[in-house]
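Please look through the sequence and the structure below before reading on. The paragraphs that follow go from strands to helices.

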Amino acid sequence: MNAHVVPCADLAEYRERADAWTEGLPFPVLSGPSLDRYRSLFPEGELPRVETAPRAGTVISVGGDAGAAGRLLAAATGRTHRVVEPAGLARALAPLAGELVAVVGLAEDITASGDWPGAHGPVVGVVTARDLTALTCLVYRSLTAGAASEDRVFVATHPMLEDADLADTNEFEDILGLGRRRPKLLVLKALGKECCAALPDGILCGRSDPIDAPPPPADPSYRHMPCMYGAGCHRADLDEDRRLPAAELHATVVFTHSCSSIAVGTNAYPHHVALGLGLLEGTAVAVVGALGVHIVQRGAQGDLEDALAEDLPLGRAVERLNERARPINGWLNRFGLLGDPGLVLGLPGGRAADAVAGAAEPAGTAVRRDEEAVRDLAHLSNVVLPRLERLCWLEPGVDALAVEGFRIRVREAAEDLQAPDLASRVAGIETDLAAFQHATAAAIAHDIYVNGWNYGGPSLDGLREVSQRPTTCPNCARDRAALITMRHVVHAGLTVRTLQCRRCGDLWWTSEESDEPAFVLEGALDTDAVSGRVTGLSRTLRNDSEHVLRGGIGFAFAMRRFLGLPPEINAPISVLPGEKEEFTAEIDLVGHQPRPDVHTGVFIAIVNGAYIASSSMMRLAPAGSSEPVHPPETNFR
């Protein structure tokens, strides 16, 4: 038997040994694949002794099964420990604002608590896993974090992201090599979501079992990847040897920049496919990653390295990341920690990084009074055209010369407000402007279908969050969303608003400048569909303004041209004040045969100069599947 560790055959033995453990006794761990992977780092066969140095903060276990693991972590590090049920976690965390709290529990129990634990005030690290064998080994690894770890940083970056040329690799083959080495910090700047992080030539997968293994039953309200239907990996362009289960990757701490890589408590996909949980079934002691939709911030890596070099506990290091990201991207650059927030890891050196920006002021226009035609012309000049001019910043494909042409026509019409043909000239401008906006919406929809969706385009880096208002998510009906307002640091008139949910992600975006948007797209975020049928995806454009909405509307599946999805759809649209207009995209799943998957789509409308976008998730099941039964979907705007 190993002198420092005692593998336990079952939970009863583990609980008994955990209750009796004191410093000097062999440390109990449940036997399983996670322990076997960790053991592979020690070719001599001797597993390391736990380190019992005190750590700051408190340990809270969630659910009875995790209580023994939490007690061991607390006892070995001199912290107080308590056990709560999932429903009581938020109440237990509320008085601990600002303190370091290690929340220990199975992922399903954390999710049952209703939210990401860090939303309740403390500086939280979630010590979690999909099953108890992995959880007990994670606790053991966190108490032996200094063993078998190379004091170096390894950076893998998708080649299309900024600073890709500074990374150690842009290729999947080099990540496969990390199965043989264990850097102290692995930085993954990749494209992904809850289940994966991807490079062009390979994918890091959250599953720890074979891709063709039958998955455990999951709530049908979750988004399901094709592997959950037995249809293989969603990256159909890759062979199986290009898919690396995250558990097979060696690293002490993993810093992920892909969207929703930390999704415990707010997961939209089953835990069985979660990337963060897969990493914690390997040899990692902690995962620092993005909460929700994420904009990569170049300075974050340097901030984390500096914090580790200063011997800050992991919880304080992640707290620093969030404090420095908040003025830049706010909600869209939030980090969470899976692992013990009291752990001091240490890292030689450290790199500092920072960013600054300036600001400028826009100008306005005035017109003299006249009847209805003059009011319409004033609206075009002061509202619609400035919006379109700002839209040229958000969407590089917008024809700026055409927008300037409309500005010239408005200015020429305003030169003689007593002209007898003023009304017809204004009506002609409105008609042509509506056609231009329809063509712009059609072009954006096509680009989304071919190249993917990137609301904000080149201006995204220049946007800074100026306000964040908590609100109820209209899709999941939980208090875990926020209405975010961002303003451009150079073009102060360029404002973007978005509704984001910690669970559901994007709901909508708009470039309209009012605090309460006067025209919105309403409809269900998640829609079920079955292969071999025609499915209608709908949005209703509601006009709460005093002016007629004119322009175009469209729908496209994001970057799905090569995956067999039908092409984009668009149409002109006009909505009278106080009324609504429905647009339905008929999705032909008879003539087109895409793979079962969660297919991300976007409804976009360019109306009265504003760019509105509304996310859509089509949960496509194979032919022959029964329609899932869900509670009524809540419309969102």
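Which residue in strand 22 does Glu522 stand opposite? The partner of Glu522 is Thr540. This is a predicted model, in which local features need pLDDT of at least 70 and side-chain atom pairs count only at pLDDT 80 or more, while totals for chains, interfaces and linings use all residues. Residues are numbered from 1 along each chain as its sequence is written, and side-chain values use heavy atoms, with hydrogens and water left out.

Strand 20 and strand 22 (residues 534-543) pair in the antiparallel sense over four bridges, where pairing requires that DSSP finds at least two bridges between two strands. Helices (H or I, at least four residues) and strands (E, at least two) are DSSP runs numbered from the N terminus. Three strands form an open antiparallel sheet in the order 20-22-25, and its edge strands, each pairing on one side only, are strand 20 (519-522) and strand 25 (580-588).

Turning to the helices, helix 10 (residues 314-325) has twelve residues and reaches 17 Å from its first C-alpha to its last, close to the 16 Å expected at 1.5 Å a residue, the expected span being 1.5 Å times one less than the number of residues. Among its buried residues (under 20% relative accessible area, with a 1.4 Å probe and protein chains only) are Leu314, Val318, Leu321 and Ala325. What covers the buried residues of helix 10 includes strand 5 (100-106), strand 14 (286-290) and helix 9 (299-309), by contacts, meaning heavy atoms within 4.5 Å.

Technical notes:
Buried < 20%, exposed > 50% of the residue type's maximum accessible area, 1.4 Å probe, protein only.
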